[in-house]
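Welcome to a short tour of one structure and its aromatic contacts. Please have a look at it before reading on.

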Amino acid sequence: MRHGYLPVTIVLSIVSGLCLRMSHLRAYLAKIGRRGGIKSRRTLDSAVARRMVEIREARRAARRANTAARPGGAPADTSVAALAVQDALFRRASPAEKLAQVAGLSRMVDQLSMAGLRQRHPTSDHEMIQYHRAELRLGRELAARVYGTRRDGA
């Protein structure tokens, strides 16, 4: 079977087209950015401007403190030493072990979700609890289209 274009050629033409469009977009944004800076109608009182700078600097300081104390968004109840051990174990795990961990966490989340639904709807039977779970996952409209509209006394 012979094609007029090789798949690589097609991909390269798409990528080059996107790059060309991005350069036009960057030039346009630079142009309107300059114009917006020149023609801006916004006026700031010096006190308001100082307050804005103080807020921005406080946010930066909070982010720096948070990331310095907890690299990678580690939980607050995990020590740095425990985090290092945990990271080393994760790095040594095989892909199959990592997949098993993800599957186990997924099952745990599903069980917690079902327990929460049973708590919120104590009079519902198992089928209705599963329908409520479908509503959480799919949204009310799609769950009704897939499973049909169901109502219970809860």
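At 42% relative accessibility, Tyr 147 counts as partly exposed. Its partner in what follows is Tyr 131, which at 3% counts as buried. Keep in mind that this is a predicted model.

The structure holds 1 aromatic pair. The ring centres of Tyr 131 and Tyr 147 are 6.4 Å apart and the planes meet at 90°, so the arrangement is edge-to-face. Because Tyr 131 sits in helix α5 and Tyr 147 in helix α6, the pair ties together parts that are 16 residues apart in sequence.

Here are the two residues side by side:

| Residue | Helix | Relative accessibility | Class |
|---|---|---|---|
| Tyr 131 | α5 (residues 126-138) | 3% | buried |
| Tyr 147 | α6 (residues 140-147) | 42% | partly exposed |

Now to the helix that carries Tyr 131. With 13 residues, α5 reaches 18 Å from its first C-alpha to its last, close to the 18 Å expected at 1.5 Å a residue. Its buried residues are Met 128, Ile 129, Tyr 131, His 132, Arg 133, Ala 134 and Glu 135. The cover over these buried residues includes α4 (95-120) and α6. After α5 comes Gly 139, with a positive phi near 95°.

How far does the confidence reach? The mean pLDDT of the protein is 78, and 73% of its residues reach 70 or more. Among the elements, α4 has the highest mean pLDDT, 92, while helix α1 (residues 7-38) has the lowest, 68. Where pLDDT is low, the predicted coordinates should not be read in detail.

Methods:
Residues numbered from 1 in each chain as written. Predicted model: local features only at pLDDT ≥ 70, side-chain atom pairs only at ≥ 80, totals over all residues. Heavy atoms only, no water. Phe/Tyr/Trp six-rings, centres within 6.5 Å; stacked < 30°, edge-to-face > 60°. Helix = DSSP H or I, 4+ residues; strand = E, 2+ residues; numbered from the N terminus. Buried < 20%, exposed > 50% of the residue type's maximum accessible area, 1.4 Å probe, protein only. Expected span 1.5 Å × (residues − 1). Contact = heavy atoms within 4.5 Å. pLDDT = per-residue confidence, 0-100.
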